[in-house]
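Subject: A structure for you to explore

Hello,

I am passing on a structure that I have been reading through, and I hope you enjoy looking around in it. Please open it alongside this email and follow along.

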Amino acid sequence: MAALPDCSLIATDLDGTLLRGDDTLSDRSLAALALAARAGARHLVVTGRPAPRVRPLLDDLGATGLAVCGQGAQVYDAGADRLLWSVTLDRELAETALGKIEAEVGELYAAVDQDGVDGLTLIEPGYLMPHPTLPAVRVERRDDLWVRPISKVLLRHPHLTDDELAATARSAVGSLATVTMSGPGTVELQPCGVTKATGLALAAEHLGLEPGRTVAFGDMPNDIPMFDWAAHGVAMANAHPELKAVADEVTTSNEDDGVAVVLERLFGGAEPYVPPHVLPRPRSGRVPR
């Protein structure tokens, strides 16, 4: 296991990493992040979700600072509810890229995340949301996806695996867009050159923080650029093999609070975590109110 750096910045993915499968944050994870904050470390969410889909989770975290959203296409200021920086995917290029991929693999189902703090997720007929809890608006035809500026396109194929679709898409689109795979059923096209690392670097520079003191957590291949940028990359036990191959260490799964396990080791000084359901009862036998 590689030595952990003197950490001033914690960068965490959400889905499959900090969040459990039901989109919740555990008490243990919240406590570990609070422990890191008391030690002076900053926490940045770095996620593929667009800013409007991150806002409720930032509220749960009590976060009022920055978050990197949309695979790095957006740097969102939660306190001001505004985008400090954003880049959009040219819609004509997106249509061209879709056509090139479909020429190789047949019919695809597509969705888009619109740009902006109030942007919608639009899905065309046949597209199934990989996260049923996330809101989306179904449109009647593909042309309706392009009515407003977008930050990315999401792709699904009825038969190909995510790895197969991502590999074919990269070959087909070339420099038209960056292709990422961010979760089960989630292959995406985003502006060329934009990654989680580019967004994280912008946010860190704004905060006056450095990659050499950053620990990053993730679970999918879209987190590889973030690991390359940070001093120490931690993959979850449930991570994709491509990410595990480049990680400095592998922690427990998102369901087993893998982020908290590392933060407790890194920042120390806290009493050992005891899950609420096994807290010792007072000697009197009375349960505290």
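Below is what I found, going from the sheet to a pair of helices and then to the end of one more helix. Please keep in mind that this is a predicted model.

Let's begin with the sheet. It is open and has eight strands, in the order β5-β4-β3-β2-β1-β12-β13-β14, and the pairing is mixed. At the edges you will find β5 (82-86) and β14 (249-250), each of which pairs on one side only. The partner of β5 is β4 (residues 74-77): these two strands pair in the antiparallel sense over four bridges. If you want to find one residue pair there, look for Q74, whose bridge partner in β5 is S86.

A helix also packs on this sheet, namely α6 (residues 196-207). It touches β1 (9-12), β2 (42-46), β3 (66-69), β4 and β5, and its direction makes about 165 degrees with that of β3.

Next, turn to helix α4 (residues 91-105) and helix α5 (residues 162-173). Their axes come within 9 Å and cross at roughly 120 degrees. An angle from 65 to 115 degrees would count as roughly perpendicular and one over 145 as roughly antiparallel, so α4 is oblique to α5. The crossing of the two is right-handed. On the α4 side, the contact is made by A97, K100, I101, E104 and V105, while α5 brings L165, T168, A169, A172 and V173. Sorted by class, the residues in this contact are seven nonpolar, one polar and two charged.

Finally, have a look at F267, which is found in helix α9 (residues 258-267). Is F267 buried or exposed? Its relative accessibility is 18%, and buried means under 20%, so F267 counts as buried. Leaving aside residues up to four places away in sequence, F267 touches C7, I10, L35, A36, A39 and A41.

F267 has company in α9: G258, V259, A260, V262 and L263 are buried as well. What covers the buried residues of this helix includes β1, α1 (14-18), α2 (27-38), β12 (214-218), β13 (232-235) and β14. Several of those strands will be familiar from the sheet order, β12, β13 and β14 among them. Just after α9 comes G268, which has a positive phi near 50 degrees.

Happy exploring, and do write back with any questions!

Best wishes

Methods. Residues are numbered from 1 along each chain as its sequence is written. This is a predicted model: local features need pLDDT of at least 70, side-chain atom pairs count only at pLDDT 80 or more; totals for chains, interfaces and linings use all residues. Side-chain values use heavy atoms; hydrogens and water are left out. Axes are lines fitted to C-alpha atoms, for helices over the stretch in contact, and angles run from 0 to 180 degrees between N-to-C directions. Angles under 35 degrees count as roughly parallel, over 145 as roughly antiparallel, 65 to 115 as roughly perpendicular and the rest as oblique. A crossing is left-handed if the near helix is turned anticlockwise from the far one by less than a right angle, and right-handed if clockwise. Contact means heavy atoms within 4.5 Å. Ala, Val, Leu, Ile, Met, Phe, Trp, Tyr, Cys and Pro count as nonpolar, Asp, Glu, Lys and Arg as charged, and the others, Gly among them, as polar. Two strands pair if DSSP finds at least two bridges between them. Buried means under 20% relative accessible area, exposed over 50%, partly exposed in between (1.4 Å probe, protein chains only).
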